[in-house]
Amino acid sequence: MGTYHAGPTRCRLFSSGSRRTFVRGAVPRAHSDYEDGEAFPASTSMAEQYDRTAAAHYSSYRPPLHQVILRKALFNKEPFDDGVDVGCGTGYSAVALADHCLRVYGVEPSQSMLDRAIPHARITYLKGTGAHIPLPDHSVDVVTFAGSLFYAKSADLVGELKRICRSQAVTVAYDFEILLDDVVRLCGVGAKETDMPYDYAINFSDDPTFREILVGREQVSLELTAAELAHVILSESRYHEAFMERYGLSDLFAVVKNDLEARGRSHTVRANIFYSKYETTTDA
Ligand SMILES: C[S@@+](CC[C@H](N)C(=O)[O-])C[C@H]1O[C@@H](n2cnc3c(N)ncnc32)[C@H](O)[C@@H]1O
């Protein structure tokens, strides 16, 4: 999703304009919007501050791409009984999965994210990681990773998926890259360089535990208000750092939103979407 702070910042790996979908609309918000000028206690580490800032922007706005991508990956399918969204953040990806399941578990290691998780009658949020998924053996029919597989992928994760999946369970890894460099440059700021390459297309096609069903990459367009776009920009660490370097610790959200508003009421940005679907071999 190109917008998680605390982990490695992301680089562009793929750009294609062959197929375009136009996406409008919004997804439900978490209980708390971004608090401008939120003060952190002196003991808060830099990583934790980023985590909280990202969680605040995430809970205020996430582009409605999760639904778009899951509809492509899970088309024509009767609802699953139980699904788990690993690395669910503030819950947007768990809510998208709830369209396809009777019950959903959102697993997330960051307490800041969980504190702002979107309440939903059919979603249970649990603290955990890909390597330690707090669910019983053979308890889920579908697993999703929305922008989280890059952080979670490991041998332990694969062991956990084999343990928790029921027979013929489906695993979907997906991500999106919103192309923001041009609009950020218009605001007079360049993205900070990153030494940690990020792979939006990371999937399980290299692992025989997973039988590949589908791998897709497309480009879509999004229409965002100035405020929505400001949240998307500032939730990504390399842009947040660049704006902070330019404007200091001032109210960055207001700075970016006002700048964008002066350029137009709505903004069209492009996004690359990536998705892969697998049948998972289980322990059963
Ligand atoms: C880009 S965010 C995506 C959040 C959410 N899926 C969404 O689409 O809004 C990546 C998430 O992965 C989580 N994460 C980081 N390391 C993880 C791990 N080892 N296992 C599971 N999740 C992890 C982060 O805390 C973060 O919430």
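These are my notebook entries on one predicted model.

**Entry 1: the chain as a whole**

I started with the secondary structure and found ten helices and eight strands in the chain. I then looked up burial: of the 284 residues, 56% are buried. For contacts I took pairs with a separation of 6 or more, and 80% of these join residues 24 or more positions apart.

**Entry 2: the cores**

Which residues touch the most other members of the largest nonpolar core? I noted L180, I233, F243 and L260, in a core of 50 residues. A second core, of 22 residues, lies apart from the largest one, and V107, V140, F145 and A152 are among its members.

I went back to L180 and listed its contacts, leaving out neighbours within four places in sequence. They are L229, V232, I233, E236 and Y239. I marked I233 in that list, as I233 is also one of the core residues named above.

**Entry 3: helix 8 against helix 10**

I next looked at helix 8, residues 226-234, and helix 10, residues 252-263. Their axes come within 8 Å and cross at roughly 130°. I wrote the pair down as oblique, because an angle that is neither under 35 degrees, nor over 145, nor from 65 to 115 falls in that class. The crossing is right-handed.

Which residues make the contact? On the side of helix 8 I listed A226, A227, L229, A230, H231, I233 and L234. On the side of helix 10 I listed L252, F253, V256, K257, L260 and E261. I sorted the residues of this contact by type and got ten nonpolar, one polar and two charged. I233 and L260, both in this contact, also appear among the four core residues of Entry 2.

**Entry 4: helix 2**

Is helix 2 mostly covered or mostly open? Helix 2 spans residues 65-73 and is mostly covered, with seven of its nine residues buried. The buried ones are L65, H66, Q67, V68, I69, L70 and A73.

**Entry 5: P134**

I closed with a single residue. P134 sits in the loop that runs between strand 4 (123-127) and strand 5 (140-146). Is P134 buried, partly exposed or exposed? Its relative accessibility is 39%, so I entered P134 as partly exposed; that class lies between the 20% and 50% limits.

Beyond residues up to four places away in sequence, P134 touches V107, L126, K127 and G128. V107 is one of the members of the 22-residue core. I also checked P134 against I164, which is 30 residues away along the chain, and the C-alpha atoms of the two are separated by 9.3 Å.

Technical notes: Residues are numbered from 1 along each chain as its sequence is written. This is a predicted model: local features need pLDDT of at least 70, side-chain atom pairs count only at pLDDT 80 or more; totals for chains, interfaces and linings use all residues. Side-chain values use heavy atoms; hydrogens and water are left out. A nonpolar core is a set of buried Ala, Val, Leu, Ile, Met, Phe, Trp, Tyr and Cys residues joined through side-chain atoms within 4.5 Å. Buried means under 20% relative accessible area, exposed over 50%, partly exposed in between (1.4 Å probe, protein chains only). Contact means heavy atoms within 4.5 Å. Helices (H or I, at least four residues) and strands (E, at least two) are DSSP runs, numbered from the N terminus. Axes are lines fitted to C-alpha atoms, for helices over the stretch in contact, and angles run from 0 to 180 degrees between N-to-C directions. A crossing is left-handed if the near helix is turned anticlockwise from the far one by less than a right angle, and right-handed if clockwise. Ala, Val, Leu, Ile, Met, Phe, Trp, Tyr, Cys and Pro count as nonpolar, Asp, Glu, Lys and Arg as charged, and the others, Gly among them, as polar.
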